[in-house]
Amino acid sequence: RLLLNPTKKFIYVEMGFFERWWNEQNLATKEVVRGLLRAGTLEFINGGYCMNDEAVVYYEDSIDQMTLGHKFLLDTFGIIPEIAWHIDPFGHASAQAALFA
């Protein structure tokens, strides 16, 4: 749909799912994705490997999963996410913003 309407924008947050999908794609599809990224139609935000569980997680676990996701983006696309965004319907741990900063 993004190719049909370049005025639209799609954001993706969890790299664990995206990396799994990415590894199954052919070179033509990968080049289309790279083009969407260059055009700004597709954007990666947050960039963690997953949405870490903020209720019972150790700080090291949050940092490790963010590092893993960011490493994938940097190695694959040369991208470092600039927006830290995390959806949690139960609210964030008090230190989550500090980890994003």
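This is a short talk on one protein chain, going from its overall layout to its core, its aromatic rings and its salt bridges.

Please keep in mind that the model is predicted. I start with the layout. The chain contains 4 helices and 2 strands, and in sequence order they run β-α-α-β-α-α. There are 101 residues in the chain, and 30% of them are buried. The accessible surface comes to about 6,900 Å², with 59% of that on carbon and sulfur atoms. As for contacts, take those with a separation of 6 or more: 68% of them join residues 24 or more positions apart.

Now the inside. In soluble globular proteins, nonpolar side chains tend to be buried together. Here the largest nonpolar core has 12 residues, including Met15, Phe18, Trp22, Phe44, Phe72 and Phe77. Which elements supply at least two residues each to this core? They are α1, α2, β2 and α3, where α2 covers 27–39 and β2 covers 42–44.

Take Met15 as one member of that core. Met15 sits in helix α1 and is buried, at 0% relative accessibility. Leaving out residues up to four places away in sequence, Met15 touches Phe44, Gly47, Gly48, Tyr49, Gly69, Phe72 and Leu73. With Tyr49, 34 residues away along the chain, the C-alpha to C-alpha separation is 4.5 Å.

A second core member is Phe77. Phe77 is buried at 16% relative accessibility. Again without neighbours within four places in sequence, Phe77 contacts Phe18, Trp22, Val33, Arg34, Leu37, Phe44 and Phe72.

That brings me to the aromatic rings. The structure has 10 aromatic pairs. One of them is Phe18 with Trp21, a tilted pair with centres 5.4 Å apart and planes at 45°. Both residues are in helix α1, residues 15–22, and they are 3 residues apart, so about one helical turn separates them. Are the two partners buried or exposed? Phe18 is buried at 6% relative accessibility, while Trp21 is partly exposed at 34%.

Phe18 also pairs with Phe77: the ring centres are 6.2 Å apart and the planes are at 55°, so this pair is tilted as well. Here the partners come from distant parts of the chain, with Phe18 in helix α1 and Phe77 in helix α3, residues 59–77, and their positions 59 residues apart. Phe18 and Phe77 also belong to one aromatic cluster, together with Phe10, Tyr12, Trp21, Trp22, Phe44 and Phe72.

Two loop residues next. Thr41 is in the loop between α2 and β2, and at 5% relative accessibility Thr41 is buried. Beyond its neighbours within four places in sequence, Thr41 contacts Leu2, Pro6, Lys8, Lys9, Phe10 and Leu36. The other loop residue is Asn46, between β2 and α3. Asn46 is buried too, with a relative accessible area of 2%. Most residues other than glycine have a negative phi. Asn46 has a positive phi, near 65°.

Now charges. How many salt bridges does a search of the whole structure find? It finds 3. In one, Glu43 meets Lys9, with the closest N and O atoms 3.0 Å apart. Glu43 is in strand β2 and Lys9 is in the segment before β1 (10–12), so this bridge ties together parts 34 residues apart in sequence. Glu43 is partly exposed at 25% relative accessible area, whereas Lys9 is exposed at 52%.

Another salt bridge joins Glu31 and Arg38, with 3.2 Å between the closest N and O atoms. Glu31 is partly exposed at 41% relative accessibility, and Arg38 is exposed at 62%.

Then there is Lys71 with Asp75, at 2.5 Å from N to O. These two are 4 residues apart in helix α3, so about one helical turn lies between them. Lys71 is partly exposed at 47% and Asp75 is exposed at 53%.

Last, the surface. Tyr59, Ile63 and Leu99 make up a nonpolar patch there, with about 280 Å² of accessible area together. Of these, Ile63 lies in helix α3 and is partly exposed, at 44% relative accessible area.

Key: Residues numbered from 1 in each chain as written. Predicted model: local features only at pLDDT ≥ 70, side-chain atom pairs only at ≥ 80, totals over all residues. Heavy atoms only, no water. Phe/Tyr/Trp six-rings, centres within 6.5 Å; stacked < 30°, edge-to-face > 60°. Buried < 20%, exposed > 50% of the residue type's maximum accessible area, 1.4 Å probe, protein only. Patch = residues over 30% accessible without salt bridge, like charges linked within 9 Å, V, L, I, M, F, W, Y side chains within 5 Å. Areas by Shrake-Rupley, 256 points an atom, 1.4 Å probe, with all protein chains shown as cover. Salt bridge = Lys/Arg side-chain N within 4 Å of Asp/Glu carboxyl O. Contact = heavy atoms within 4.5 Å. Core = buried A, V, L, I, M, F, W, Y, C linked by side-chain atoms within 4.5 Å.
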